Amino acid sequence: MTPSRIATQPTHGEADFCNHNIKPNQPQTGPWVCLPRARDSRTRPGGSKKPCEKYKDFLPRVLRCFCKSDSGKPDLQPDNDTESLWKERLFSPRSLEFWGRQAVRAGPRRVDVRPRPGPPGRSALAPGPPPAAGPAAVYKHFLPPPPPRASQLERVGLAARSSLENPEPRTRARGIQLLSQVLLQCHSLLLEKEVVHLVLFYENRLKDHHLVIPSVLQGLRALSLCVALPPGLAVSVLKAIFQEVHVQSLPQVDRHTVYNIITNFMQTREEELKGLGADFTFGFIQVMDGEKDPRNLLVAFRIVHDLISRDYSLGPFVEELFEVTSCYFPIDFTPPPNDPHGIQREDLILSLRAVLASTSRFAEFLLPLLIEKVDSEILSAKLDSLQTLNACCAVYGQKELKDFLPSLWASVRREVFQTASERVEAEGLAALRSLTACLSRSVLRADAEDLLDSFLSNILQGNGAMAARKGNCRHHLCEPDMKLVWPSAKLLQAAAGASARACEHITSNVLPLLLEQFHKHSQSNQRRTILEMILGFLKLQQKWHYEDEDQRPLSGFKDQLCSLVFMALTDPSPQLQLVGLRTLTVLGAQPDLLSSGDLELAVGHLYRLSFLEEDAQSCRLAALEASGTLATLYPAAFSSHLVPKLAEELRLGESDLARGDRPAKCSRCLHCLQALSAISTHPSIVQETLPLLLQHLWQVNKGNMVAGSSEIIAVCQSLQQVAEKCQQDSESCWYFHQTAIPCLLALAVQASMPEKEPSALRKVLLEDEVLAALVSVIGTATTHLSPDLAAQSAARVVPLFLDGNVSFLPENSFPNRFQPFQDGSSGQRRLVALLMAFVCSLPRNVEIPQLNQLLRELLELSCCSGCPFSSTAAAKCFAGLLNKHPAGQQLDEFLQLAVDKVEAGLGSGTYRSQAFTLLLWVTKALVLRYHPLSACLTARLAGLLGDRELGPAAADGFSLLMSDCTDVLTRAGHAEVRIMFRQRFFTDNVPALVQGFHAAPQDVKPNYLKGLSHVLNRLPKPVLLPELPTLLSLLLEALSCPDCVVQLSTLSCLHPLLLEAPQVMSLHIDTLVTKFLNLSSSPSMAVRIAALQCMHALTRLPTPVLLPYKAQVIRALAKPLDDKKRLVRKEAVSARGEWFLLGSPGS
């Protein structure tokens, strides 16, 4: 059978589903069309066959009870009625009224579908309560009292008798169609005797005129769903279909009905169908042969898969079954536009692949086909063939692959060596891996040949003339400068990654060669290539577990490998050092591969590389990463060799800073802090590095060093990194918390104490940037505490701020009492930020002591003037606690207090700014948890957009409401953040913002545009796109706003829309080009860059829309090419180049 594309060939005038332009009822020719077979000679092209004599007695006239005139006389004329009239009368209101009267007379009774004794030929269904509506319900629940010796179904048959006996085929078809539709509605109510008669009747009607066949098939589909179908009738029905119906000459709907009949019988009568043996398989092959419609093919492929997976007998028809399915391989199908069925090419590919890869009996036919398609020039055929081969290898064994291995290897190697597609290369490597895995898992007899060794040897060495002519993978590894070295390495690594046996075989052959080549070549770039290949083979060793150390393939090469890595780490080339660091990390992950001496040398190299200068930043960061990884595996080596060196380096840096030698030693001290945090990946190391970092902070506080805020922030960043690493271990997390938090709080409290002679050095700890760094450390150290430990810590920290209890702090002999809420000094009030970091990071189920008092103090402090930092910290802390507070009366009381405080503050001039900040943070806390009061507070905030004093700040507040915070109200800090809160905020508030913009005076309109721009910029784009037509005019107007923040936010919002909604944006092309070009000369560098990026994105719009502006844009973009900022010039070059290419061939 010739392989064919999937194409619909409409029959009997059906629609062309696949849009392949195949004209109906015309013969098709060519290699890509599967022609349906000629019509079976047993199907009659014309004429009719009268019903068997036995059916004359079986079909009494019954339906006349449905169709009586007002006079009570029969009104039905079956010979002349159309199909619609049959349905109208069968389900007419008069019929439903009749059944209702019968139900009232009978009284309400439950439906009992169990058969019970009764007169012969009588249905054993009892009537039930009246149904709600619908003819199906009427049939199911209300059946008329049958006359003697006549079943309900016999009444339907008798009424249709004149139609079924009519010599006109169309009239007979309408009669059978009516009966079939009734059966589809009530097939579950049929008795076994009724099913037998109906099956015999429908089987006989399969010999009727071809116009009758569709209605017959619908009836057989209804009967295939019957529970009362007697044994043997399923086989009888399928035999009749196979013998009497030429399926592929039927329309698509009727072919689909045949497939449904087969599917129903396979699900319910599996043993009976298996009794047919190979005849069932052969019959289905005849049914499917020539199918072209994708809707039917999905069902047919599923049937074939079930035939194979459920062990139906294929007999001598294995090849025929393969041919009837493989003719569609590879799938070439493009769904028509606006396809209501939703069938995609990928659906057909996966269904067909499941069939082809379901049995090894297809191997002798499938593998040559796959080789042929891999060697073709069609990219999709290559990908599909390689993916199918990958799937088949999970089923096949050595026996099936043996004769095809050389050809398969040649095809895969050619694709990896020569292809220009990364996808084809990846699938080729995956197929080679699957082939090797298949050969590795096969169970061999004692006298059988091991195909794995011969296959791997062929990959390594090649064979015969082919190896001499084209070389082999092993040969290419000796040429690190040639382009085939990496494809060869990838092929070998793919095969080695399939199994432990393959890995051992390839590694033992390749590794000595690569070690030799590394020493043979002296150039750094050649050594880097060789070392990267070695690294690839070393990574494969991590996949396999070896119980015996002597079995490990690397055990015999560990000395050579360590020497090679250390040579790379001492090489002056940074690129070679980077590969060496990665190789050292992989070697360290192998058990018992690094000796104690090797570890000491490795630690020494890592220490040296951790202090490289800025020109080797990548190597230094890689060294820190390698140190962290190896410290987890070898904590003792790092504790004994690296930590003492870093401690000494830190002391030297402190002494240099004490002498005032900051510029020369600052970077080295910073690198030391980073190294200490990098190796703090093991609990035992944390217990050594954390005291060193805290001691360094104490030295700053004692005034022994001339340190600035940058040094303290660097220490805090190192502490935060250590805290993040400790989160993975509960014991380390608690150790860090109980060690670092009291120390940091003690340092901050000490620095906040008033002194007779103020020290500038201590006041560094109270700067905004330093306190923000301390907040990050405390928050990170608190988020992962268990509830019990968090409660213990809260019982100490909260009384510190409320009562001044400093007993748990180290060196707690302070000159004054610590009272941040009562003391008038701004220094102590600023430390409320540290309280915020702690309490807002606690789990929600932790009970905070003195919570009511704490909330009142925070509310009072949030509206105090004089220190904006402390009032903002108090407002954020108050909002964070409200967000986690359980719903109830207590929460409502505090919310009312906050609203009253805000309204009082906004009405006065003394602390309007503080009241606005409190309003903003409380609104955010409630928006995140969907609190009902959030709508009122948001409306109050939107009302402030018209305020000439607070309007700009209120517009920026919408950015805060829509964005994620880092210190409070975060998911990591256990805040209550509901999903899709941004979408809900957009839906609830954007219409009010738009309305407010149109009603606002001209001088405050920019505030509305700014707030709207912030909301839209942070909204998920799938939500924004449907609303784009109504909001785009406002966004364009926002570009004319003089505020750079509004311009930048709007440009950031428009850039993705240009890429995702080009059709809508094309309607405003004139305005977009003009405004983007104007903003490319903005005083703000960020606005200039964003405008040029939007000019670049404009080229994604339809070309005919852009061509009229091409010359204007190219001239205007010449000016940014001379911009004084390099980043602006870079964007200008990129955008102007795209506009130059606009409309050119191939663009």
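This passage describes the packing of one helix and a set of salt bridges in a predicted model.

Helix 47 spans residues 933-943. Its buried residues are Ser 934, Leu 937, Thr 938, Leu 941 and Ala 942. These residues lie on the same side of helix 47, because they cover an arc of only 145 degrees around the axis. An α-helix has 3.6 residues a turn, so residues three or four places apart point the same way. The packing partners of the buried residues of helix 47 are helix 45 (889-907), helix 46 (912-928), helix 48 (951-962), helix 49 (981-999) and helix 50 (1005-1017).

Side chains of opposite charge can pair when their charged atoms come close. Across the whole structure, 27 salt bridges were found. Among them is the pair formed by Glu 291 and Arg 255, in which the closest N and O atoms are 2.9 Å apart. This pair links distant parts of the chain, with the two positions 36 residues apart in numbering. Arg 255 belongs to helix 11 (residues 252-268), whereas Glu 291 is placed in the loop between helix 13 (278-288) and helix 14 (294-309). Both Glu 291 and Arg 255 are buried.

A salt bridge also joins Lys 876 to Asp 967, and here the closest N and O atoms are 2.5 Å apart. Lys 876 is located in helix 44 (residues 868-884) and Asp 967 in the loop between helix 48 and helix 49, so that distant parts of the chain, 91 residues apart, are linked. Lys 876 has a relative accessible area of 13% and is therefore buried, the cut-off being under 20%. Asp 967, at 24% relative accessibility, counts as partly exposed.

Asp 1043 and Lys 1010 form a further salt bridge, with 3.0 Å between the closest N and O atoms. Asp 1043 is found in the loop between helix 52 (1028-1038) and helix 53 (1044-1060), while Lys 1010 is part of helix 50. These two residues are 33 residues apart and link distant parts of the chain. The relative accessible area of Asp 1043 is 27%, and this residue is partly exposed. Lys 1010 is buried, with a relative accessible area of 6%. Helix 50, which contains Lys 1010, is also one of the helices against which the buried residues of helix 47 pack.

Salt bridges also occur as a network, in which Arg 172, Arg 205 and Asp 208 are linked.

Key. Residues are numbered from 1 along each chain as its sequence is written. This is a predicted model: local features need pLDDT of at least 70, side-chain atom pairs count only at pLDDT 80 or more; totals for chains, interfaces and linings use all residues. Side-chain values use heavy atoms; hydrogens and water are left out. Buried means under 20% relative accessible area, exposed over 50%, partly exposed in between (1.4 Å probe, protein chains only). Helices (H or I, at least four residues) and strands (E, at least two) are DSSP runs, numbered from the N terminus. The arc is that of the directions from the helix axis to the C-beta atoms. Contact means heavy atoms within 4.5 Å. A salt bridge is a side-chain nitrogen of Lys or Arg within 4 Å of a carboxyl oxygen of Asp or Glu.
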